[in-house]
Amino acid sequence: MKAIVNGKVYTMAGAVLDQGTILIKDGKITAVGENIDIPSDAEIIDAKGKIVTPGFIDAHTHLGIGEEGIRWEGADYNEISNPVTPHLRAIDAINPEDEGFKDAVKGGITTVMTGPGSANVIGGENLVMKTYGRTVDEMVLRNPAGLKGAFGENPKRVYGTRMVPQSPVTRMATAALMRKALVDAQNYLNKLEQAEKEGKKPERDLEKENLVRLLKKEIPLRAHAHRADDILTILRIAKEFDIEVTLEHCTEGHKIADIIAEAGVPAIVGPSLTSRAKYELKDRTFETPGILAKAGVKVALMTDHPVIPVHYLPICAGLAVRHGMPEMEALKAITINAAEILGVADRVGSIEVGKDADIVIFDGHPLETMTKVVKVFINGEEVYSG
């Protein structure tokens with residue numbers, strides 16, 4: 001058993017404990033509070049003068065699937081041979097020895113969502129995983145955690161600018177390909193249901209199986225969009241097919257924050273610590289997450305690693321605070337909100353009894369650039385000491 005004592009604990013479950021104690025056993029949090037009796041056999045970790053938080057969560061990355069320091073050898077995030085590839089599985093491409101995982105741990109990032117990029121209209125499955133472990137299978141928290149979709153510039157640039165253009169060349173075609181895939185999935189689902197009634201077993205179709213999961217609301221469409229008009233296209237399609245979606249990037253979300261809030265759709269905002277590398281980023285601002293949060297949208301933040309190195313996630317949260325996001329909302333955006341949006345809040349995102357002991361100790365406020373990570377625990381194991 002371990003006992004983290006004397007630190008200022010941000011539980012992210014509604015309480016900030018000035019002199020908190022956290023008990024850890026078998027990888028789980030067994031107690032949290034003040035004036036807790038500490039077993040005599042507990043290993044004491046004194047966090048006096050320090051701040052203790054749940055491990056941070058980066059809600060959108062390509063960690064392990066877009067490996068750092070190498071070129072095509074480790075670029076496994078965009079299968080640009082076909083714009084509709086719902087059957088691809090991120091788990092088959094992730095290398096847990098990617099250097100980015102080490103950076104994540106050192107930065108206090110203990111959980112990430114990772115998966116395909118945005119070249120394809122439908123890119124494949126993504127998953128949620130811990131940032132420390134020997135194999136991907138051991139590190140996975142939720143798989144699949146959603147199906148990647150993309151709107152806006154990327155699909156039409158990848159396919160429409162080829163020597164022999166291939167659909168989608170326009171935004172209209174991107175939306176049409178998404179609709180066609182979903183209609184095909186509806187037809188496949190009808191066949192499955194009819195076959196079940198008749199006691200038959202139809203031939204499997206891997207491409208349509210994940211789309212059926214969307215239709216059954218077993219997983220959401222994690223939809224890449226920067227511009228407001230592309231976001232509205234996503235909301236239109238989500239309503240048309242009655243599927244759950246998350247808005248990934250949501251760069252111009254501040255322009256239609258009220259509409260997004262009314263739709264009840266969460267937003268994973270970022271990467272904001274970048275240049276305006278393409279036209280649809282022209283109105284990029286760190287004000288976006290704060291405006292969305294104040295409108296009632298559940299917001300998480302992302303680095304889109306390797307676009308922004310994963311360990312800069314707390315800096316992104318700090319800059320969001322500088323530009324108007326309430327401090328506690330920014331902390332939620334990299335802890336409990338991210339966990340809830342990713343569907344893993346039963347395991348991570350806050351310091352509560354029964355949850356995984358993913359805990360970080362800082363020597364100052366975690367959103368300050370000069371703050372250092374002192375210790376990181378994942379599943380109760382100390383994986384980093386600074």
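Where in the structure is the place of proline 271? In this predicted model, proline 271 sits in the loop between β12 and α8, the latter covering residues 288–295.

## Two cis peptide bonds and a positive phi

The peptide bond that leads from glycine 270 to proline 271 is cis, and its omega is near -5°. A second cis bond joins asparagine 143 to proline 144, again with omega near -5°. Proline 144, however, is placed in strand β9, which runs over residues 140–150, whereas proline 271 belongs to the loop between β12 and α8.

Another backbone detail concerns asparagine 6, which is not a glycine and yet has a positive phi of about 70°. Asparagine 6 is found in strand β1, made of residues 2–10.

## The hairpin of β2 and β3

Strand β2, residues 16–25, pairs with strand β3, residues 28–33, in the antiparallel sense, and five bridges connect them. Lysine 25 stands opposite lysine 28 of β3. In this hairpin two residues lie between the strands, and aspartate 26 takes a positive phi near 55°.

## The eight-stranded sheet

In general, the strands of a sheet pair through backbone hydrogen bonds, in either a parallel or an antiparallel way. Here eight strands form an open sheet with mixed pairing, and their order is β6-β7-β8-β9-β10-β11-β12-β13. The edge strands are β6 (56–61) and β13 (299–301), each of which pairs on one side only. If direction is ignored, neighbouring strands of this sheet are turned by 25° against each other on average.

At one edge of the sheet, strand β12 (residues 267–269) pairs with β13 in the parallel sense over three bridges. Within this pair, isoleucine 268 has alanine 300 of β13 as its bridge partner.

## Helices lying on the sheet

Helix α6 lies across β10 (221–225) and β11 (245–249), and the helix runs at about 155° to β10. Helix α9, residues 313–322, also packs on the sheet, where it touches β6, β7 (109–114) and β13, and its direction makes about 95° with that of β6.

## Helix α4 and its two partners

What angle do α4 and helix α6 make where they pack? Helix α6 (residues 228–241) packs with α4 at an angle of about 20°, and the axes of the two helices are 11 Å apart. The two helices are therefore roughly parallel to each other, and α4 passes α6 in a right-handed crossing. On the side of α4 the contact is made by Arg171, Ala175, Met178, Arg179, Leu182, Val183 and Gln186, while α6 contributes Asp229, Asp230, Thr233, Arg236, Ile237, Glu240 and Phe241. Sorted by class, this contact of α4 with α6 has six nonpolar, two polar and six charged residues.

The arrangement with helix α5 can be described in the same terms. The axes of α4 (residues 171–197) and α5 (residues 206–215) come within 9 Å and cross at roughly 90°, which means that α4 is roughly perpendicular to α5. The contact involves Ala181, Leu182, Asp184, Ala185, Gln186, Tyr188 and Leu189 of α4, together with Lys208, Glu209, Leu211, Val212, Leu214 and Leu215 of α5. By class, nine nonpolar, one polar and three charged residues take part in the contact of α4 with α5. Leu182 and Gln186 of α4 are thus listed in the contact with α5 and in the contact with α6.

## The annotated domain

According to the UniProt annotation, which comes from an unreviewed entry, residues 51–383 are covered by "domain: Amidohydrolase-related". In the model, the end C-alpha atoms of residues 51–383 lie 18 Å apart, and this span is 33% helix and 20% strand.

Methods. Residues are numbered from 1 along each chain as its sequence is written. This is a predicted model: local features need pLDDT of at least 70, side-chain atom pairs count only at pLDDT 80 or more; totals for chains, interfaces and linings use all residues. Side-chain values use heavy atoms; hydrogens and water are left out. Axes are lines fitted to C-alpha atoms, for helices over the stretch in contact, and angles run from 0 to 180 degrees between N-to-C directions. Helices (H or I, at least four residues) and strands (E, at least two) are DSSP runs, numbered from the N terminus. Angles under 35 degrees count as roughly parallel, over 145 as roughly antiparallel, 65 to 115 as roughly perpendicular and the rest as oblique. Contact means heavy atoms within 4.5 Å. Ala, Val, Leu, Ile, Met, Phe, Trp, Tyr, Cys and Pro count as nonpolar, Asp, Glu, Lys and Arg as charged, and the others, Gly among them, as polar. UniProt positions are given in the numbering used here, feature names are shortened, and annotations may be inferred rather than shown by experiment. Two strands pair if DSSP finds at least two bridges between them. A crossing is left-handed if the near helix is turned anticlockwise from the far one by less than a right angle, and right-handed if clockwise.
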